[in-house]
Amino acid sequence: MEVEPQLLERLKLQSTILDNAGYAIIATDAVCGVITEFNPAAERMLGYTAAEMVGRQTPVSIHLAEEIAARADQFSRELGEDVGRGFEVLVAKARRGLPNEHEWTYVRKDGARLPVLLNVTGLRDANGEITGFLGIASDITQRKRAEDDLRASEEKLRKLFELAPVGILLTTFEGRLVEFNDAFSRITGYSSDELLELDYRTLTPAEHHAEGRRQIALLAKSGRFGPYQTECVTKSGARIPVRLNGAKLTDRDGRDYVWSIVEDISADLRVQAELIESRARAEAANQAKSEFLANMSHEIRTPLNGVLGVASALSKTQLEPAQR
């Protein structure tokens with residue numbers, strides 16, 4: 001039987017795609033999952049040759065057994081029917097015409113583990129019957145490493161946020177509180193739930209609102225504001241002097257927020273007042289001392305002059321007989 005030129009050309013194109021694809025491509029039959037195609041990218045990714053895999057293995061051999069079992073339970077719940085713990089786990093969704101892209105862990109020939117994003121689809125004939133399955137996998141090692149680094153960085157920032165001795169809060173540009181740390185709750189005396197119902201205007205005396213608006217305008221223009229001194233109204237109604245400074249934060253959706261550092265400077269102001277008072281007392285003491293010494297000098301000068309006069313007269317009296 002002569003093969004049509006168009007079919008030959010199509011087969012040649014498919015073979016070229018399989019050989020040069022940058023993704024691991026593994027095809028199987030529809031019944032037992034025996035591998036029928038294992039392209040060069042799959043060889044490089046997994047360390048096996050096509051000869052070792054085609055007609056000899058199923059994709060289950062390159063998966064973690066515990067991951068297969070866990071996904072079987074997961075897919076059984078999602079599909080509402082039992083999914084066997086084997087090859088069927090890999091193709092259950094594709095067999096039902098559902099999207100089937102998930103992260104999996106491949107096990108290389110040398111035992112190394114490799115995170116991949118695997119998309120499995122069903123291969124169907126002209127009648128719509130599944131004749132096999134095609135899995136396309138991409139190595140996501142770099143992406144997972146970047147995600148791990150990002151999570152580690154976020155965890156460090158989260159700990160700094162939670163453990164910082166100063167108040168830190170995130171607000172909208174309108175002043176609504178979105179997020180804050182425990183230190184800010186302690187400054188205000190409000191619980192977390194109570195603070196989420198409040199805004200900047202509630203926590204700031206009215207006479208400071210104008211300065212607050214000026215600082216927000218500066219933030220919108222330059223991306224930063226402060227530091228400047230204002231007051232915070234606590235739950236008890238007390239006013240606490242605070243120092244504010246912060247920066248603009250834009251999220252992935254383009255929404256602008258305000259990160260603020262809130263420092264309770266009550267202790268600083270008390271120390272400053274005590275230093276001023278101490279200096280004033282020292283200056284007053286020095287002034288009193290100077291005045292006392294000046295007065296004493298004046299009081300002593302007159303009798304001292306008299307004593308010196310008498311001494312001088314006596315001295316002259318004693319010298320006159322000797323001169324005669």
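Biologist: Let's start with strand S6: is it mostly covered or exposed?
Modeller: Mostly covered. In this predicted model, S6 spans residues 167-172, and 6 of its 6 residues are buried.

Biologist: Which residues of S6 are on each side?
Modeller: Gly-167, Leu-169 and Thr-171 sit on one side, with Ile-168, Leu-170 and Thr-172 on the other. Both faces are covered, and each of these residues is buried. Here, buried stands for under 20% relative accessible area.

Biologist: Which way does S6 run against strand S10, and how many bridges join them?
Modeller: S6 and S10 (residues 256-264) run antiparallel, joined by 6 bridges. As an example you can look for on the structure, Thr-172 has Tyr-257 of S10 as its bridge partner.

Biologist: And what about S6 with strand S7?
Modeller: That pairing is antiparallel too, with 3 bridges between S6 and S7 (residues 177-180). Try finding Leu-169, whose bridge partner in S7 is Phe-180.

Biologist: How many residues lie between the strands in that hairpin?
Modeller: There are 4 residues between S6 and S7, and Gly-175 in this hairpin takes a positive phi near 100 degrees. For background, most residues other than glycine have a negative phi.

Biologist: Does Gly-175 turn up somewhere else, say, which residues are closest to the centre of the largest pocket?
Modeller: Good link! Gly-175 is among them, together with Tyr-200, Thr-204, Tyr-228 and Leu-244. The lining has 27 residues, and the pocket holds about 450 Å³ of space.

Biologist: Which elements supply the lining of the largest pocket?
Modeller: At least two residues each come from S6, helix H9 (200-203), helix H10 (209-222), S8, strand S9 (239-250) and S10. By class, the lining of this pocket divides into 14 nonpolar, 9 polar and 4 charged residues.

Biologist: What is the volume of the second largest pocket?
Modeller: About 210 Å³. Its lining includes Leu-170 and Trp-259, along with Glu-154, Arg-158, Glu-179 and Arg-252. Leu-170 is one of the buried residues of S6 that we met earlier.

Biologist: Where does the largest share of that lining come from?
Modeller: From helix H6, which gives 5 residues. The classes in the second largest pocket are 6 nonpolar, no polar and 4 charged.

Biologist: OK, H6. Which strands does that helix lie across?
Modeller: H6 (residues 141-163) lies across S3, S4 and S5, and runs at about 130 degrees to S4. Helix H5 (residues 87-95) lies across S1, S3, S4 and S5, at about 50 degrees to S4.

Biologist: What is the order of the strands in that sheet?
Modeller: The order is S2-S1-S5-S4-S3, an open sheet of 5 strands with antiparallel pairing. At the edges are S2 (35-38) and S3 (101-107), each of which pairs on one side only. On average, neighbouring strands of the sheet are turned by 30 degrees against each other, ignoring direction.

Biologist: How do S1 and S2 pair?
Modeller: They pair in the antiparallel sense over 3 bridges, with S1 covering residues 24-29. Thr-28 has Ile-35 of S2 as its bridge partner, while Ile-26 stands opposite Phe-38. The hairpin of S1 and S2 has 5 residues between the strands, and Gly-33 in the turn has a positive phi of about 80 degrees.

Biologist: Switching topic: how many cavities of 30 Å³ or more are there in the whole structure?
Modeller: The search finds 1. About 110 Å³ of space lies in this cavity. Of the 13 residues lining it, the closest to the centre are Ile-26, Pro-59, Leu-118, Val-120 and Gly-135. So Ile-26, the residue opposite Phe-38 in S2, shows up again here.

Biologist: Which elements supply its lining?
Modeller: S1, H5, S4 and S5 each supply at least two residues. The lining has 10 nonpolar, 3 polar and no charged residues.

Biologist: Last one: which residues does the cis peptide bond join?
Modeller: Gly-226 and Pro-227, with omega about 0 degrees. In general, most peptide bonds are trans. You can find Pro-227 in strand S8, which covers residues 224-233.

Conventions:
Residues are numbered from 1 along each chain as its sequence is written. This is a predicted model: local features need pLDDT of at least 70, side-chain atom pairs count only at pLDDT 80 or more; totals for chains, interfaces and linings use all residues. Side-chain values use heavy atoms; hydrogens and water are left out. Two strands pair if DSSP finds at least two bridges between them. Axes are lines fitted to C-alpha atoms, for helices over the stretch in contact, and angles run from 0 to 180 degrees between N-to-C directions. Contact means heavy atoms within 4.5 Å. On a 1 Å grid over the protein atoms alone, a cavity is a set of points where a 1.4 Å probe fits but cannot get out, and a pocket is an open set with protein on both sides within 12 Å along at least five of seven lines; lining residues have an atom within 4 Å of a point. Grid points are joined across faces, edges and corners, and a volume is the space filled by probe spheres set on the points. Ala, Val, Leu, Ile, Met, Phe, Trp, Tyr, Cys and Pro count as nonpolar, Asp, Glu, Lys and Arg as charged, and the others, Gly among them, as polar. Buried means under 20% relative accessible area, exposed over 50%, partly exposed in between (1.4 Å probe, protein chains only).
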